[in-house]
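Welcome! Here are a few notes to read alongside the model, with some places to stop and look.

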Amino acid sequence: MLRFFILISFLLVPLEANSKKDGLAYLNTIRVHAGLIELKTNKALEKAATSHAKYLIQNQTNGHYQKKGKSSFTGTTPSKRVIKSGYSSNYVMENLSINTVGYVKSIDNLFSAIYHRLVFLNLDKDEIGFSGSSIEKKRKIKRAYVYDLGSSYISKLCKQSFSMASGVYYMKNICKQNEKVIPKSLFEEKKDEIRRKNRDIILYPYAEQNNIWPAFYNESPDPLPGYKVSGFPISVQLNPAYYKNVKLRSFLLYDANGKEIKETKILQQKNDHNHLLTEMEFVLMPLKRLEFNTKYTAVFEAVADGNKVRKRWSFRTSKPGKKIYRITKNKTKLTVPVGSTAVLYIVPNSKKDIMQSYRSRGGIKVSFLDQNTLKVTFPKKRSSGRVSLDIGKKKVFFDLQ
């Protein structure tokens, strides 16, 4: 009953911290545009999320499991923590991220990682509790955000009593009392009640969505073993309340010129080596980063219950700055205005080509936007010395004008 994943974030863009209210509104806006109902808050789920975020910071660890005896221990697993916090059902899912700044950026990062995204876009969950914890001291893990999702319908079932009857299948280990039984047919019926409130097909990025970050980096478990950098995943979910048998025909991606991007991998239940995708979930993984500020079009075709299903929609990737320089050569010379700010996109040479560090000269200020992209601010006055950046084997020289 439990699905949970971890995302370690490398998008360290400094942003204003935003409130829980902002975070919930942002997440629900995404869900509604994608075709899902809004999530309502639940105090017990929030209590469980708060306790785990605090545990991660205090023990400088990451993941969904806690060790008994450690500071702020409240339960070894998410299901045990929500029960201890007063939630009546362990039918929950948990997302978490570390080292982002603010709920909005945390949510964005989780949506860039496919398994985490599908938790937020779950079709049979209708409530959430989430929280963050941070520390000002210099630590490896400075911030942690935890999100616990549950089903109010299943929780209500756990508050009822059912008598055993012949010929009826029952389920255990769903409620606070492990031995408590629930009719399987009623359990499935309540899940479908929530599902029917959602659209029949869920697309992400959703149609005409803007500001999609073009890259995917780390996720555990890893949907693309061997790749340290690839493109933003595109997903399609068919709602089990409306479809029973689905067979994929094709899933294609086109650039702004209508040219097919052929270097992709299609993930579905039969080839998902982590065995996390359902028979209703399909993912197109671009094997190379997408470009900034570019319109892409996805086309999905399948046969569902004997009928043809076709979806064609477009989205646009982010434009992180007014000026973006694509760095492809080992030596690059750029002429830039004094006091200006630019974005340097270090185009990966391979599926493992990411930045580990950089060395700057000449008083320029540099920060990571992601592991292939830097934000650079130049001095307000021209310098007689060298103004440059060393990024692995690549060197970038700047002429300030």
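1. A good place to begin is N293, which sits in the loop that links strand 16 (281–286) with strand 17 (295–304). Please keep in mind that this is a predicted model. Although N293 is not a glycine, its phi is positive, at about 50 degrees. Its relative accessible area is 34%, so N293 counts as partly exposed, since that class lies between the 20% and 50% cut-offs.

2. Next, have a look at N99, another residue other than glycine with a positive phi, here near 65 degrees. You will find N99 in the loop between strand 4 (93–98) and helix 4 (103–112). Is N99 buried or exposed? With a relative accessibility of 16%, N99 is buried, because the cut-off for that class is under 20%.

3. Two prolines deserve a visit for their peptide bonds. The bond from Y204 to P205 is cis, its omega being near 0 degrees. P205 belongs to the loop between strand 9 (201–204) and strand 10 (209–212).

4. The second bond runs from S220 to P221, and it too is cis, with omega near 0 degrees. Here P221 lies in the loop that joins strand 11 (215–216) to strand 12 (230–231).

5. Finally, turn to the surface. Which residues gather there in a patch of positive charge? They are K40, K156, K159 and K197. One of them, K156, is part of helix 6 (residues 152–157). K156 has a relative accessible area of 52%, so it counts as exposed, the cut-off being over 50%.

Key. Residues are numbered from 1 along each chain as its sequence is written. This is a predicted model: local features need pLDDT of at least 70, side-chain atom pairs count only at pLDDT 80 or more; totals for chains, interfaces and linings use all residues. Side-chain values use heavy atoms; hydrogens and water are left out. Patches are made of residues with over 30% relative accessible area and no salt bridge: like charges are joined within 9 Å, nonpolar side chains (Val, Leu, Ile, Met, Phe, Trp, Tyr) within 5 Å. Accessible areas come from the Shrake-Rupley method with a 1.4 Å probe; for residues, only the protein chains shown count as cover. A salt bridge is a side-chain nitrogen of Lys or Arg within 4 Å of a carboxyl oxygen of Asp or Glu. Lys and Arg count as positive and Asp and Glu as negative; His and the chain ends are not counted. The place of a charge is taken as NZ of Lys, CZ of Arg, CG of Asp or CD of Glu. Helices (H or I, at least four residues) and strands (E, at least two) are DSSP runs, numbered from the N terminus. Buried means under 20% relative accessible area, exposed over 50%, partly exposed in between (1.4 Å probe, protein chains only).
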